[in-house]
Amino acid sequence: MTHHSHSKNEARTRIVVYITGLTMVIEIVFGVLTRSMSLLADGIHMLSHTGALGLSLIAYYLAEKHKNNVCFKSGTEKILSLSGYTSGIILVVFSGYIMYESTARFFQPVSVNFSDAIIVAIIGLIVNIISAMLLYHDESHSDQNIRSAYLHVLADALTSVTAIVGLVAGLIWNIVYIDAIGGLISSLVILRWSYGLLKKTSLDLVDYQKL
C-alpha cells in the first residue's frame, strides 16, 4: 500500500476518533441520566472502539515513522496487521461483555426514560453511519488496520440499532427483555466479525500463503 493511502486512511481514522469520542461521552452521560442500560452499554461499547481506533492511529504513526528502518525486514505493514489483530481481540472481549449485560437484564429490569434515550441512541447511530462511510473504501481489503476500524464502527452501529429497537419496544409495549435479546444477537454477530478479522490478520502476521 502506498504512503498516500496510509496518510488518507490515517486522516479518515482521526476524524472518526474525534466524532466517536464525543458521541461516546454523550451516550454514557445520558445512559446514566435516563437509567437506560442499553444506552449505557452502547456508550461503553463505543468507549472500547474509541480506544481501538486510537490504536489504529498509533499504528499508522509507527508505520510511517519506521518506514525506512532497515530493522523491519518485511517493512512496516505488519504493524497495521498487528493493530488489526489487537482490535479483533478487543471486539471479542466487549462482545462478551455485551452478552453478559444482556443476560443480566433478563433478571434485573429497570425503570428507563425511554424517549430521551431513544433520541440519543438515534444520534449515535447517525454518527456510526457517517463514520462507516468515512472508513469504507476500495482498499479496505488490503489495509487490515483500516478494516478493523471499519468493523468496530459497524459493530457500534449494530449495537445502536438494537438499542433503538429495544428502547422503542420498551416505550410502546413496556417489554424490556426485547432489548436483552437484541444485545445477545449483536454480540454473536460481532463475534463472527471478530473471527474473520483475527483469522486474516493472524495469517498476515505469520506470512501465511496458500500454495
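**Exercise 1. What share of the 211 residues in the protein is buried?**

Solution. Buried residues make up 45% of the 211 residues. Keep in mind that this is a predicted model. Next, look at the surface. The accessible surface of the protein comes to about 10800 Å². Carbon and sulfur atoms hold 69% of that surface.

**Exercise 2. Describe the fold: how many helices and strands are there, and in which pattern?**

Solution. Step one: count the elements. The protein has six helices and zero strands. Step two: read along the sequence. The pattern is α-α-α-α-α-α. Step three: check the contacts. Take those with a separation of 6 or more; 82% of them join residues 24 or more positions apart.

**Exercise 3. Place Glu27: is this residue buried or exposed?**

Solution. Start with the location. Glu27 sits in helix H1, which covers residues 3-34. Now the accessibility. The relative accessible area of Glu27 is 0%. The cut-off for buried is under 20%, so Glu27 is buried. Last, list the neighbours, leaving out residues up to four places away in sequence. Glu27 touches Leu39, Asp42, Gly43, Met46, Val120, Ala121, Gly124 and Ser160.

**Exercise 4. Classify Val29, then find the nonpolar patch that includes Val29.**

Solution. Val29 also belongs to helix H1. Its relative accessibility is 41%. Exposed needs over 50% and buried needs under 20%, so Val29 counts as partly exposed. Now the patch. Val29 joins Leu22, Val25, Ile26, Phe30 and Leu33 in a nonpolar patch on the surface. Together these residues have about 520 Å² of accessible area.

**Exercise 5. Test the length of H4: which span should its 22 residues have?**

Solution. Helix H4 runs over residues 114-135. The expected span is 1.5 Å times one less than the number of residues. For the 22 residues of H4 that gives 32 Å. The end C-alpha atoms are 31 Å apart, so the model agrees with the expected span.

**Exercise 6. Sort residues of H4 by burial: which ones are buried, and where does Ile129 fall?**

Solution. Take the buried set. It consists of Phe114, Ala117, Ile118, Val120, Ala121, Gly124, Leu125, Val127, Asn128, Ser131, Ala132 and Leu135. Among them, Val120, Ala121 and Gly124 touch Glu27. Now take Ile129, which is also in H4. Its relative accessibility is 45%, so Ile129 counts as partly exposed. Finish with a distance. Ile129 and Ala157 are 28 residues apart along the chain. Their C-alpha atoms are separated by 6.8 Å.

Technical notes:
Residues are numbered from 1 along each chain as its sequence is written. This is a predicted model: local features need pLDDT of at least 70, side-chain atom pairs count only at pLDDT 80 or more; totals for chains, interfaces and linings use all residues. Side-chain values use heavy atoms; hydrogens and water are left out. Helices (H or I, at least four residues) and strands (E, at least two) are DSSP runs, numbered from the N terminus. Buried means under 20% relative accessible area, exposed over 50%, partly exposed in between (1.4 Å probe, protein chains only). Contact means heavy atoms within 4.5 Å. Patches are made of residues with over 30% relative accessible area and no salt bridge: like charges are joined within 9 Å, nonpolar side chains (Val, Leu, Ile, Met, Phe, Trp, Tyr) within 5 Å. Accessible areas come from the Shrake-Rupley method with a 1.4 Å probe; for residues, only the protein chains shown count as cover. A salt bridge is a side-chain nitrogen of Lys or Arg within 4 Å of a carboxyl oxygen of Asp or Glu.
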